[in-house]
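Hi,

Here is the structure I promised to pass along. Have a look at it first, and my notes follow below.

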Amino acid sequence: MIIGSGPAAWAAAIYASRANLHPLVIEGAITEENRCKGTLPLGQLALTTEVENYPGYAAGKLDAYLDSAIDGDRRKYMPPHAGHGISGPELMELMRQQAVNFGTEVLTDDVTEVNFRRHPFELHCLGGRRIESHSVIVATGARANYLGLPSEDTFKNRGVSACAVCDGALPRFRNKPLVVIGGGDSAMEEATYLSKFASTVHLVHRREAFRASKIMADRVLANPKIQVKWNSEVDEVLGNDQHGVTGVRLRNTKDQAKHEELSASGYFAAIGHTPNTDFLQGQLELTDKRYIKWTTAARTYTSIEGVFAAGDVADDYYRQAITAAGSGCMAALDAERWLAAKGFH
Ligand SMILES: Cc1cc2nc3c(=O)[nH]c(=O)nc-3n(C[C@H](O)[C@H](O)[C@H](O)COP(=O)(O)OP(=O)(O)OC[C@H]3O[C@@H](n4cnc5c(N)ncnc54)[C@H](O)[C@@H]3O)c2cc1C
């Protein structure tokens with residue numbers, strides 16, 4: 001069983017199905033709750049537009065390839081191809097199709113409960129199904145945290161982002177003022193990274209000191225392109241249909257009546273991620289940030305033998321589609337070898 005539906009899950013499924021392990025991918029349920037959380041099937045990449053850094057998709061037109069590769073029943077619901085490379089939803093549909101082509105079965109449901117204390121392992125789904133499996137790969141990813149403002153939602157993919165490495169180099173952000181919110185290490189990293197492309201980075205922080213490590217904070221404070229807005233929080237992302245994000249309105253956290261507007265072409269939330277691990281209910285060892293703990297260096301082993309983890313659910317450091325897919329491949333190979341060693345063929 002493979003739980004999840006991002007690059008890690010589909011890469012694991014491609015390897016597992018080609019190795020005749022007959023995987024079932026439980027890809028998540030199509031529910032309003034998952035829509036609001038950003039955890040609908042096909043994962044985080046399906047929430048973005050252009051993907052410029054996944055190897056193998058140089059800019060170019062892919063319409064004919066997409067039409068011939070993806071099952072017509074799904075193709076007809078996909079947005080039109082933009083014509084300059086691959087989009088997140090297109091890449092994810094291709095990965096899913098590739099896994100299905102090799103015999104992967106897919107169940108559109110959420111896993112709500114697991115029992116890893118017995119073997120075969122037991123999974124329970126939202127729709128009521130109970131499934132047993134000799135081995136499980138958990139690839140349920142993580143979700144980016146946002147402030148929860150309606151205006152953030154309005155401008156997602158039109159200037160609102162939660163990933164500087166993914167989106168910072170896109171033309172809409174180059175040589176323009178940008179806003180980053182947060183005060184921890186990831187906000188320092190995002191602001192520093194974006195300062196390579198932006199004209200100015202406004203780093204907005206609620207307090208008058210950063211939570212980040214001193215070395216990272218010092219690097220930000222010494223960067224002439226980064227301006228820190230202390231004691232400030234965003235109360236609205238500003239924009240319009242034509243240009244997407246055009247700025248933010250800030251509120252002073254010490255004097256709520258004091259407001260200020262900043263012009264910006266981009267708004268980057270850097271207030272952390274939440275790994276999708278609640279359904280595990282403590283049955284796998286987690287890190288202090290609630291990511292699954294890989295227990296052996298350079299392996300996808302977890303604290304339970306026969307259960308493997310891949311992608312962002314176990315990786316709060318790289319968080320990229322290519323690294324998620326890479327660890328999905330590793331998890332399938334680890335599972336295959338474990339099953340063979342235990343005599344489950
Ligand atoms: C806006 C945005 C833009 C990005 N752009 C890029 C980019 O350009 N390039 C790049 O390399 N990376 C990009 N990333 C990062 C990339 O999307 C992630 O690193 C990658 O998707 C992680 O893959 P994953 O397989 O670990 O899981 P995810 O993509 O997080 O998918 C996991 C999915 O599993 C499913 N799931 C969760 N819980 C359950 C459950 N209990 N039962 C069943 N199913 C479940 C959900 O559908 C969930 O969405 C971007 C991220 C975001 C948010």
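**A small set of strands, then the ligand**

β6 pairs with strand β7 (residues 121-125) in the antiparallel sense, over four bridges. Please keep in mind as you read that this is a predicted model. One pairing you can look up directly: Val-111 has Cys-125 in β7 as its bridge partner.

These strands belong to an open sheet of three, ordered β6-β7-β8 and paired antiparallel. β6 (111-115) and β8 (130-133) are the edge strands, each with a single partner, so one side of each has no neighbour in the sheet. On average, neighbouring strands in this sheet are turned by 25° against each other, direction ignored. As general background, the strands of a sheet pair through backbone hydrogen bonds, either parallel or antiparallel.

Now to the ligand. Which of the 34 residues around the ligand come nearest? They are Leu-40, Gln-44, Asn-53, Asp-312 and Ala-321. By class, the shell holds 15 nonpolar, 14 polar and five charged residues.

Three polar backbone atoms are worth finding on your screen:

- Ala-8: one of its polar backbone atoms is 2.9 Å from an oxygen atom of the ligand.
- Asp-312: a polar backbone atom here is 2.8 Å from a ligand oxygen.
- Ala-321: again a polar backbone atom, 2.8 Å from an oxygen atom of the ligand.

The ligand taken alone exposes 990 Å², and the protein buries 96% of that. The elements giving two or more residues to the shell around the ligand are α1 (7-18) and α10 (321-342).

Best wishes

Methods:
Residues numbered from 1 in each chain as written. Predicted model: local features only at pLDDT ≥ 70, side-chain atom pairs only at ≥ 80, totals over all residues. Heavy atoms only, no water. Pairing = 2+ DSSP bridges. Axes fitted to C-alpha atoms, helices over the stretch in contact; angles between N-to-C directions. Near = heavy atom within 4 Å. Polar contact = N/O pair within 3.5 Å; in protein donor to acceptor, adjacent residues only side chain to side chain. Areas by Shrake-Rupley, 256 points an atom, 1.4 Å probe, with all protein chains shown as cover. Nonpolar A, V, L, I, M, F, W, Y, C, P; charged D, E, K, R; others polar.
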